[in-house]
Each structure stands twice: as structure tokens, then as C-alpha cells.
Amino acid sequence: MNNKEIRKISKFLSLILRHKPEIIDIQMDEQGWVKTDELLEKLRLHHRGISLEQLKTVVAENNKKRFAFNEDESLIRASQGHSVQLDLGYDAVTPPEFLYHGTATRFLESIRKTGLEKRGRHHVHLSQELSTAKNVGGRHGKVIILNIRSLEMHQKGFDFFVSENGVWLTDHVPVEYIAFPDK
Ligand code: HQG
């Protein structure tokens, strides 16, 4: 498979494993897992069939490691980014002093009022890498990077989680923990 094919399958899997499993008539358990063989069978029945080898390639090659198998590869799930209600079962951990959030300048006015909200997702997504934050924000428009005082939040009792693929997750970032750029 070339990168384009991998990307196409990844996009469809994101749709199924994060947002709309019903499209191929499959159900996730409460932690977001589906049976690997059932996924392959349901994909086939819905004319999106891929082989186990292709699925393994997508899991391994996906540019953000969006999907993960359990140990014996009998189950698969998306590591983050869901809109369906579930509990991924990550333990709360202590974040670094600062984390980044990349967003678009057009959202700033609203963020200044309410802080960062999770919107359609389960969590607000934060990253340790500036480059990741730039990419994430750039998807929405003219990018702007916000610095979040995550350790201080944690000390005040806010929970932080880190997904299997290294995305930092929290429920809400109140305005007072966000360093806004001057302009
Ligand atoms: C913004 C991708 C106005 C927030 C990425 C963001 C990430 C507000 C947008 C993952 C707001 C939501 C998540 C407020 C937040 N007023 N706008 N109060 N609070 N926002 O896509 O963080 O490719 O749901 O700044 O790599 O951009 O899917 O979240 O711009 O990890 O694997 O509302 O999605 O991963 O947008 O991205 P999103 P996000 P995947």
C-alpha cells in the first residue's frame, strides 16, 4: 500500500472507531474497543474490505499512531479523538509545567471568554511539541499557539491524561491558565 491508500483507510477507520461505528453496524465496548475479526468482517460486508495485513500496516504506519491493538491483537480502538461517549481508561498523570494548544485566530475572542472547551470531542487536546500544536491549529485557519500552565492546573485539582499516542487530554482549560499572545 502507498501512503495515499493508508491515509484513505485511516480516515475511514477514524470515522468508525471515533464517531460512527453504526455505519458498518459494529459496537464498541465501553473503552472503545472492537473485535479485530469483527471489524474486518463488517468492513467487508459494507464494501470497505481490507486484509488483516493491511489493517496492521495502517495501525503501524498511521502518521499519528491513531489506532492501537490490545496485546494479542484481538481488539482494536482509536487512542483518542472520539466524539461518542466512552471511557478510554487512561490514568490521570502529572503534566509538564506547560503544554501547547494550537488554534485559529478567529477563535481567540471566544476562548478569552470561556477558556478552552472540548467542543465536539471528549477532551481539550494539548501537546508537548510546538510543531504538533502548529499543525493542529493550522487545520482551522490562521494558527496561533496558546501556552497552558498545565502543572499549575494539575496542582489546583484538574485531571490530565495522556493518550497512548502522546496527546495530552483535559476537560476544560479556564482562561486564567492560558497565556494569550499580546495582540
Ligand atoms: C477551539 C486532531 C472557540 C479549539 C488533532 C479548536 C488533535 C474554541 C476547536 C485533535 C473554544 C475544536 C483535536 C472556545 C476551544 N471558543 N473555539 N471557547 N475552545 N475552541 O478539531 O484541538 O487528526 O475538536 O481551539 O491533531 O483542533 O483527529 O480540536 O480549534 O489532536 O487525530 O475549537 O484532532 O487529531 O477543534 O484537535 P477540534 P483540536 P486527529
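Analyst: Two strands pair if DSSP finds at least two bridges between them, and the strands themselves (E, at least two residues), like the helices (H or I, at least four), are DSSP runs numbered from the N terminus. The model is predicted, with local features needing pLDDT of at least 70 and side-chain atom pairs counting only at pLDDT 80 or more, while totals for chains, interfaces and linings use all residues. Residues are numbered from 1 along each chain as its sequence is written, and side-chain values use heavy atoms, with hydrogens and water left out.

User: Applying that to the sheet, in what order do the 3 strands lie, and is the pairing parallel or antiparallel?

Analyst: Strands of a sheet pair through backbone hydrogen bonds, in one of those two senses. In this model the 3 strands make an open sheet ordered β1-β3-β2, with antiparallel pairing. The edge strands, each of which pairs on one side only, are β1, at residues 34-35, and β2, at residues 67-69.

User: How many bridges join β2 to β3, and which residue in β3 is the partner of Ala68?

Analyst: Strand β3 covers residues 75-78 and is joined to β2 by 3 bridges, the two strands running antiparallel. Within this pairing Ala68 has Arg77 as its bridge partner in β3, while Phe69 stands opposite Ile76. β2 and β3 also form a hairpin with 5 residues between the strands, where Glu73 takes a positive phi near 65°.

User: What is the count of bridges between β1 and β3, and which residue is the partner of Lys35?

Analyst: β1 is joined to β3 by 2 bridges, again in the antiparallel sense, and the bridge partner of Lys35 is Leu75 in β3.

User: Turning to single residues, is Thr103 buried or exposed?

Analyst: A residue is buried under 20% relative accessible area, exposed over 50% and partly exposed in between (1.4 Å probe, protein chains only). Thr103, placed in strand β4, has a relative accessible area of 4% and is therefore buried. Leaving aside residues up to four places away in sequence, Thr103 touches (heavy atoms within 4.5 Å) Ile111, Gly137, Lys142, Val143, Ile144 and Leu146.

User: And why does Glu109 count as exposed?

Analyst: Glu109 counts as exposed because its relative accessibility is 58%. This residue belongs to helix α4, which spans residues 108-114. As a guide to its position, Glu109 is 49 residues from Ala60 in sequence, and the C-alpha atoms of the two are 39 Å apart in space.

User: Which elements give two or more residues to the lining of the largest pocket, and which residues line the largest cavity?

Analyst: On a 1 Å grid over the protein atoms alone, a cavity is a set of points where a 1.4 Å probe fits but cannot get out, a pocket is an open set with protein on both sides within 12 Å along at least five of seven lines, and lining residues have an atom within 4 Å of a point. Here 44 residues line the largest pocket, and Lys64, Arg121, His125, Val136 and Arg139 lie nearest its centre. The elements giving two or more residues to that lining are α1 (3-19), β4 (99-104), α4, β5 (124-126) and α5 (130-138), and α1 gives the most, with 8 residues. The largest cavity is lined by Gln80, Gly81, His82, Leu88, His122, His123, His125 and Leu169.
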